Amino acid sequence: MSTAQATKNCITLKGSAQIIVEYLKYGINSILFQRGIYPAEDFDNTQQYGLTILMSKDPKIQTFLQNVLSQTEEWLSKNMINKISMVITNAHTKEVLECWDFKMQAEMGDGDTSDPTKLTATKELSRIQNEIRDVMRQISATVSYLPLLDCICTFDVMIHTLQNTELPAKWDETGAIIIQNSQAVQLRSFSTGLHKVDTVVNYKMTS
Amino acid sequence: MDDIRSSMDNMMARFNDDITHSAPKKLLFNRLSASFSDNLVPTPKKRRLGQESPNRSLNDSSASLNSSSTDPFGSWQSSKLRTDLIETKAIVIQLRNEIEQKTREHRQAMMLAENKSSALKQQCDTTCKKYLDLQRDFEMMQKRELALKDEASRATTELAQLELKYDEAMNKLQREKHLQVEDARDVQLCISNELSEYRRMAQRADLELQSTRNELERLRRRHEELKARFSGYDEMRGDYEKQTQNLKVANDRIRELEFEIQSYSDWKEVTKASQERLASIPDLMAEVERLRGHNKHLNTLIGDKLLLEEQVHDYKTRLDREEGARAEAASLQVKLTHVEQELKEWVKVAQDHCLANTLVSPMALRSRIEQLLKEDIINVAEKTSSASDSKHLLTSVRDLEQKCAIYLKNIEDLNIGLKRHKNFKERLQRKLITVSKERDFYKQLVENFDKDMTMSNASVADMTQDMQVRYRVEVLERTVTGYKDMCATLEREIQAMRQQEQLAEPAGEGYDSVKKELDTLRLENDRLRRRKEELELEMMHRCLRGDFNMKDFKVVHLSENPAAEAYESSKNMMEKLQAEIERLKRRNKKLEDDETQRLNETTSTGGMTLNFKEFNQLRADLESANGKMRKMKDCFKAAREEFRDVCYMLLGYRIDRIGANSNYRISSMFAEGPDDYLDISLNESNCLALLESPYSHTFNPPIDQQLAATNFPAFFSTLTLELFQRSTVT
């Protein structure tokens, strides 16, 4: 009975990566909506984490996020990611206006730590989801203090991986982004027991 | 009742007897009491006995006592007597009790009997009352019986009477019944008679109905006939209407014909006029010829005049041109003189500037000028080099001055340091003096102690205790005074030092420099602190951004990202927009050019406002012209009508123009009907031709022959006469 209970609440690296990727999916969509990067009519309501989250209907964005996040999941399950940045830039001038950093920190979990590829954690999914919900709420609340994006904007997702990572097809190496005169706000963080995710928003200070 | 009463009486008598017979019992009581008294009789005896007995008993007892002592037989007898006595006493008591009981019983029985008697008395009373009541009732019953008997007898009599009455009624009713039966029979007969009568009437009604139906049928048939006739009448009416319409049409036609006749007369006049004109054609032709010749002559004259005018114009232009040329020539001559003068001046200048022995020429002048320019260039180069040298020197002088200032500053610093060192040396010397003095004192003290020691060791025997102490005190006093002196000197020294310091302070340059240094250091400290805070903030930001050890990681992204796409599209759009801007600019320019052109045109024609004015003017003119035309038309119509009427009245024919092909209908004033008209058409060769009409067939010699014999006016006049005669005859 106890073993069954143990296996029931167990989170593996893969499971943790899945949870984080799901969070990233909803988080990025929510940011796209909240920051008004795409028009509001391109979004649909969905219920997740006990919240109403608006997801993009644009097939291009959907496929892009699908591609990026599947690769992210793979790398995350191998603990090869340091940070994932969602960069919002001016579409005409290419100036970086905002950067949402999702920093990943590997944790040891509370299971058997002898094999680093088979780490487990017994944190309850509902607790994790509650933590994620708090972060999502904060993301929607950031609109109140982030500067208005009054130009046509676009976004990109950049992943900070280890130097020895092999790049799959269609993936490029790019430079680190720099925001002139930036201001950073750290939101809440959540942990799956195997990964701790900090969400930080860097934005350009308007004089 | 009497029996009951008697029996009751008997009962009462017996009861009374019983009561009375109880008297002997009473007597018995008496006897009993007598017996009691009998019993009582002896009691006094006994009492007597008793009364005696106590004494006796006492005596007995005494006797017994005595007897016991005296007589034993007597004692036994006394005891026997005593027992008897006791026995008798018990019996007496028992009897007394019995008597009391009996008396009580007797009393109770008496009470019971009394109660019974009273109850019986009451019963007797009640029964008496009842009896009386019953007797009364009985009497009443008897009375009632009698009354009832009377009634019964009466009733029987009444019954008999009623029987009689009913018999009579029965008879009467039977008779009535008979009568009614007879009536019913009569009524039945009557009804049957009536029924038959009704049947007959129904038959008759049936017959009547049949007859009426037949009649109805007949009427219907008649109605249909009438309907048919009515439809016939309708048709007739339609025919009639048609005829009337035809009549109207014919009348119209007649009128038209009349009008035609009238118009014909007009035409006659017209033809007359035209014939006259035709007659005058040759004259006109001659005139025309003449006029043509005249015209030709005029044309040639005009051509000559035009030629002359052209020649004149040509000459005029030639004259103008020549005048212009003359003026130009004059101006050119003036210019020529001016230029010659200038040339002379130039030559002079050349002679002045060129070398004396060389030929004066522009080339020489040019070479001279070039030479001068070269010299000038060399001079300028020298000048610039010397300026740069001077600048260089100035900078070196400035450097040297700066160095000099630095050296001076150094010298000052060194001087200050020297002064400070001097002060320090003085202070050290003073300190040395004080220290040496102290050393002397300490030496003295040590000596004293040494002396003390030697004294205590060597001269114990020599000196007394007192002496020793005195000596020591003296020594100590000396040392104390020495100390006091030293203290005083030291204090003096301190005061002097202080004074010196006070004196030195305002004049001290070291203090100022130190202060300045302090200030600068403080400023630097603040600056550094701010820098540190900034760096801390940046550190925190860096920490938030997490870009430490960034060289361990590489940033990757999907090449097909929305940003790249957006950049591409924006670039494309920019290019497109720029192209469009170019296009629009060109178009704008073109439009502007057109606009200016048009503006010029409009200004040349006098502008839009003028056009509008003109337009309005034209519109007003048009309206007035239209009004005039309408007025003319009305006027013409009225005149035409009048003319037609007058023609009709004068000539007796109305000529109406029918259709567009110049057909004319001629109807006479004296025609018999509106259908009597003649159709005539005018063909291209201005010839009148008669057309067929119903009226044209009615002429007895065919109309063609008549016309062939005469012409139209003659024919119509004969026709008029004929018709007039016919109408007057009828």
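**Note on the predicted two-chain model**

1. Lys170(A) is exposed: its relative accessible area is 53%, against a cut-off of over 50% for that class. The model is a predicted one. Lys170(A) sits in the loop that joins β7 and β8 of chain A. Its phi is positive, about 70 degrees, although the residue is not a glycine. Lys170(A) also takes part in a salt bridge with Glu560(B), in which the closest N and O atoms are 3.7 Å apart.

2. That salt bridge belongs to the contact between the chains. How many salt bridges does the rule find across the interface of chain A and chain B? There are two salt bridges across this interface. The contact involves 39 residues of chain A and 23 residues of chain B. About 2,900 Å² is buried between the two chains, and 57% of this lies on carbon and sulfur atoms.

3. The chains also share a sheet. Seven strands make up an open, antiparallel sheet in the order β8(A)-β1(B)-β7(A)-β4(A)-β5(A)-β10(A)-β9(A). Its edges are β8 (171-174) and β9 (182-191) of chain A, each of which pairs on one side only. Ignoring direction, neighbouring strands are turned against each other by 25 degrees on average. Helix α2 (residues 13-34) of chain A packs on this sheet and touches β4 (81-90), β5 (96-106), β7, β9 and β10 (195-204) of chain A. The direction of α2 makes about 20 degrees with that of β10(A).

4. The strand from chain B deserves a separate look. β1 of chain B (residues 553-558) pairs with β7 of chain A (residues 153-162) in the antiparallel sense, over five bridges. One opposed pair is His160(A) and Val555(B).

5. A second helix of chain A, α4 (residues 125-141), lies across β5, β9 and β10 of chain A. Helix α4 runs at about 160 degrees to β9(A).

6. Is β4(A) largely enclosed or open? Ten of its ten residues are buried, so the rest of the structure largely encloses β4(A). β4(A) is joined to β7(A) by nine bridges in an antiparallel arrangement, and Ile88(A) stands opposite Phe155(A) there. With β5(A) the pairing is again antiparallel, over seven bridges, and Val87(A) faces Cys99(A) of β5(A). Five residues separate the strands in the hairpin of β4(A) and β5(A), where Lys94(A) takes a positive phi near 65 degrees.

7. Which residues have the most contacts inside the largest nonpolar core? They are Tyr23(A), Trp100(A), Phe102(A) and Phe155(A), in a core of 58 residues. Helix α2(A) supplies the largest share of this core, eleven residues. Phe155(A) reaches both chains: residues up to four places away in sequence aside, it touches Ile28(A), Leu32(A), Tyr38(A), Ile61(A), Phe64(A), Met86(A), Val87(A), Ile88(A), Pro562(B) and Ala563(B). Another core, of 19 residues, lies apart from the one of 58; Leu257(B), Tyr677(B), Ile703(B) and Phe715(B) are among its members.

8. Chain B has an open sheet of its own, with four strands in the order β2-β3-β4-β5 and antiparallel pairing. β2 (653-658) and β5 (688-691) of chain B are at the edges with a single partner strand each, so one side of each has no neighbour in the sheet. From one strand to the next the twist averages 30 degrees. Helix α11 (residues 712-729) of chain B packs on this sheet and touches β2, β3 (663-668), β4 and β5 of chain B. The direction of α11 makes about 170 degrees with that of β4(B). Four bridges join β4 of chain B (residues 677-682) to β5(B), in the antiparallel sense. Asp679(B) has Leu691(B) as its bridge partner in β5(B).

9. Chain A overall: four helices and ten strands, following the pattern α-β-α-β-β-α-β-β-β-α-β-β-β-β along the sequence. Of its 207 residues, 48% are buried. Among contacts in chain A between residues at least 6 apart in sequence, 70% join residues at least 24 apart.

10. One further backbone point concerns Tyr49(A), which has a positive phi of about 55 degrees without being a glycine. Most residues other than glycine have a negative phi. Tyr49(A) lies in the loop between β2 (43-48) and β3 (51-56) of chain A. Tyr49(A) is buried, at a relative accessible area of 7%, whereas Lys170(A) is exposed.

Key. Residues numbered from 1 in each chain as written. Chains lettered and ligands numbered in written order. Predicted model: local features only at pLDDT ≥ 70, side-chain atom pairs only at ≥ 80, totals over all residues. Heavy atoms only, no water. Pairing = 2+ DSSP bridges. Helix = DSSP H or I, 4+ residues; strand = E, 2+ residues; numbered from the N terminus. Axes fitted to C-alpha atoms, helices over the stretch in contact; angles between N-to-C directions. Contact = heavy atoms within 4.5 Å. Core = buried A, V, L, I, M, F, W, Y, C linked by side-chain atoms within 4.5 Å. Buried < 20%, exposed > 50% of the residue type's maximum accessible area, 1.4 Å probe, protein only. Buried area = accessible area lost by both parts, 1.4 Å probe. Salt bridge = Lys/Arg side-chain N within 4 Å of Asp/Glu carboxyl O.
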